[in-house]
Amino acid sequence: MKAAVWQGRRDVRVEEVPDPVIREPTDAVIRITSSGLCGSDLHLYEVLAPFMTPGDVLGHEPMGVVEETGPEVASPRPGDRVVVPFQISCGACLMCRQGLQTQCETTQVASRGSGAALFGYTSLYGSVPGAQAEYLRVPQAHYGPIPVPPEVPDDRYLYLSDVLPTAWQAVEYADVPAGGSLVVLGLGPIGDMCCRIAAHRGVGHVIGVDLVTERLARARARGVEALDLTAYDDIVGAVRDRTGGRGPDAVIDAVGMEAHGSTPSRMLQNLTALLPDRLGERLAGTAGVDRLAAFYLAIDMVRRGGTVSLSGVYGGMADPLPMLKLFDKQIQLRMGQANVRRWVPDLLPLLSDDDPLGVDDFATHRLPLDRAPEAYEMFQRKDAAKVVFHP
């Protein structure tokens, strides 16, 4: 089959790879009909290169039709249409029963000290072949795949794989009080959806911050007050002026480890990515640092006693944090990969005919899988807000 594979830093190719097969009694094989390109994939494209191996199949936002199942999978059945969460979880362990599917004790990558295995996401998370491909082997298929109706376009349900639960959890963790204020830093796919969900849930004042003209316009079209970071010498002051002088009740950092304005950290990330594989992995796994400009901005911006919710991916093991400010301001921090299955019951009613979150036209580019190399380049340049592949 064809698949988008990682062959090196900024080097994605579409190649022929072996077809997936049933290996365990709880496996399924799915024919992919749509697969998203996520901002997290860009971390693999560059910064997390030390944890990648040439030939790794990318992608973790799949939707498709079940082709085959193992003997212990009673549901779904061959022919069923499903969307697949980006993490692999069993549904039965203590962590899954607590709604912490990203910490699943059955699929934890214990050898790396990591949580649940993820599709298409580095050796840290199990090196499981990903979903930017024609077919996908799905472990723990008795629990993970979410059945969806057969008669609506893929885009209606595709984002249950990652975008919707990630944004929903970020807003949930922000814990904005009734009528309160929320700032979302970064208006990429997750930040954009955070704004939509926050507005839908009745947050009193939603402010988005970005520096890409098209992203700002996209958010404003949905009624969000979107501020251009480059237009203000003091963005913190500008936000405080709009939030009673105190700052917002909560800030969501939807940017993560590759924030603009973190030159020393960017240089170290680039150096780590260029080192020989084993040396680069060792350095990144012990002394790696993130670009923390967005996180620092969130800490400065949020009001005293407020909450910072991190949905942007961070991976540094030696990040310096302003503990004095965090402690003095009594800031609450919530973070982590989204627990997809936990939030599905909340999200399914919103995927109704009136489409309140605008998922039907959320993608700006729909491309054949053969154009994956071009799509990665375009997405990194921020020339596309959301890309969906159709194998």
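Helices here (H or I, at least four residues) and strands (E, at least two) are DSSP runs, numbered from the N terminus. With that settled, note that this is a predicted model, and let's start with a loop. K382 is found in the loop between α13 (372–380) and β16 (387–390). Its backbone is a little unusual: K382 isn't a glycine, yet its phi is positive, at about 65°. For context, most residues other than glycine have a negative phi, and most peptide bonds are trans. K382 has 28% relative accessibility, so it counts as partly exposed.

R10 gives us another case at the other end of the numbering. Phi of R10 is near 55°, again a positive value in a residue other than glycine. R10 belongs to the loop between β1 (2–8) and β2 (11–16), and with a relative accessible area of 46% R10 is partly exposed. While we're on backbone oddities, look at the bond joining S75 and P76: this peptide is cis, with omega about 5°. P76 lies in the loop between β5 (62–69) and β6 (81–83).

Now for the sheet. Strands of a sheet pair through backbone hydrogen bonds, either parallel or antiparallel. Here 6 strands make an open sheet, ordered β11-β10-β9-β12-β13-β14, and the pairing is parallel. At the edges sit β11 (225–228) and β14 (332–335), each pairing on one side only. From one strand to the next, the twist averages 20°.

You can walk through the sheet pair by pair. β9 and β10 run parallel and are joined by 5 bridges, with S181 standing opposite H205 in β10. Of the 6 residues of β10, 5 are buried, so this strand is largely enclosed by the rest of the structure. Further along, β12 (residues 250–253) pairs with β13 (residues 307–310) in the parallel sense over 4 bridges. In that pair, I252 is opposite S309 in β13.

Helices pack on this sheet too. Helix α6 (residues 213–220) touches β10 (205–210) and β11, and its direction makes about 165° with that of β11. Helix α10 (residues 293–301) touches β9 (181–185), β12, β13 and β14, and its direction makes about 165° with that of β9. Which residues of α10 are buried? They are A294, F295, L297, A298, I299 and M301. These buried residues pack against β9, β12, β13 and β14, and also against α7 (235–242) and α11 (323–328).

What about helix against helix? Two packed helices are described by the angle between their axes and the distance between the axes. Take α4 (residues 163–174) and α12 (residues 340–347): their axes come within 9 Å and cross at roughly 90°. That makes α4 roughly perpendicular to α12. On the α4 side, the contact is made by L164, P165, W168, Q169, E172 and Y173, while α12 brings V340, W343, D346 and L347. Sorted by class, this contact of α4 with α12 has 7 nonpolar, 1 polar and 2 charged residues.

Next, two buried residues with contacts away from their sequence neighbours. G36 is found in strand β3 (residues 28–37), and at 0% relative accessibility G36 counts as buried. Setting aside neighbours within four places in sequence, G36 is in contact with D41, E61, Q132, V387 and V388. G36 and A131 are 95 residues apart in sequence, but their C-alpha atoms are 8.5 Å apart in space. S40 is found in helix α1 (residues 39–45). S40 is at 16% relative accessibility, so it is buried as well. With the same neighbours left out, S40 is in contact with H60, Y121 and V313.

Finally, the cysteines. How many disulfides are there? The count comes to 0, where a disulfide would need a pair of cysteine sulfur atoms within 2.5 Å. Why is C90 not bonded? The cysteine sulfur closest to that of C90 is in C104, and at 3.7 Å it is too far for a bond. C90 has 8% relative accessibility and therefore counts as buried. C195 is in no disulfide either: the nearest cysteine sulfur, that of C194, is 6.9 Å away. C195 is buried, at 1% relative accessibility.

Terms used
Residues numbered from 1 in each chain as written. Predicted model: local features only at pLDDT ≥ 70, side-chain atom pairs only at ≥ 80, totals over all residues. Heavy atoms only, no water. Axes fitted to C-alpha atoms, helices over the stretch in contact; angles between N-to-C directions. Parallel < 35°, antiparallel > 145°, perpendicular 65-115°, else oblique. Contact = heavy atoms within 4.5 Å. Nonpolar A, V, L, I, M, F, W, Y, C, P; charged D, E, K, R; others polar. Pairing = 2+ DSSP bridges. Buried < 20%, exposed > 50% of the residue type's maximum accessible area, 1.4 Å probe, protein only.
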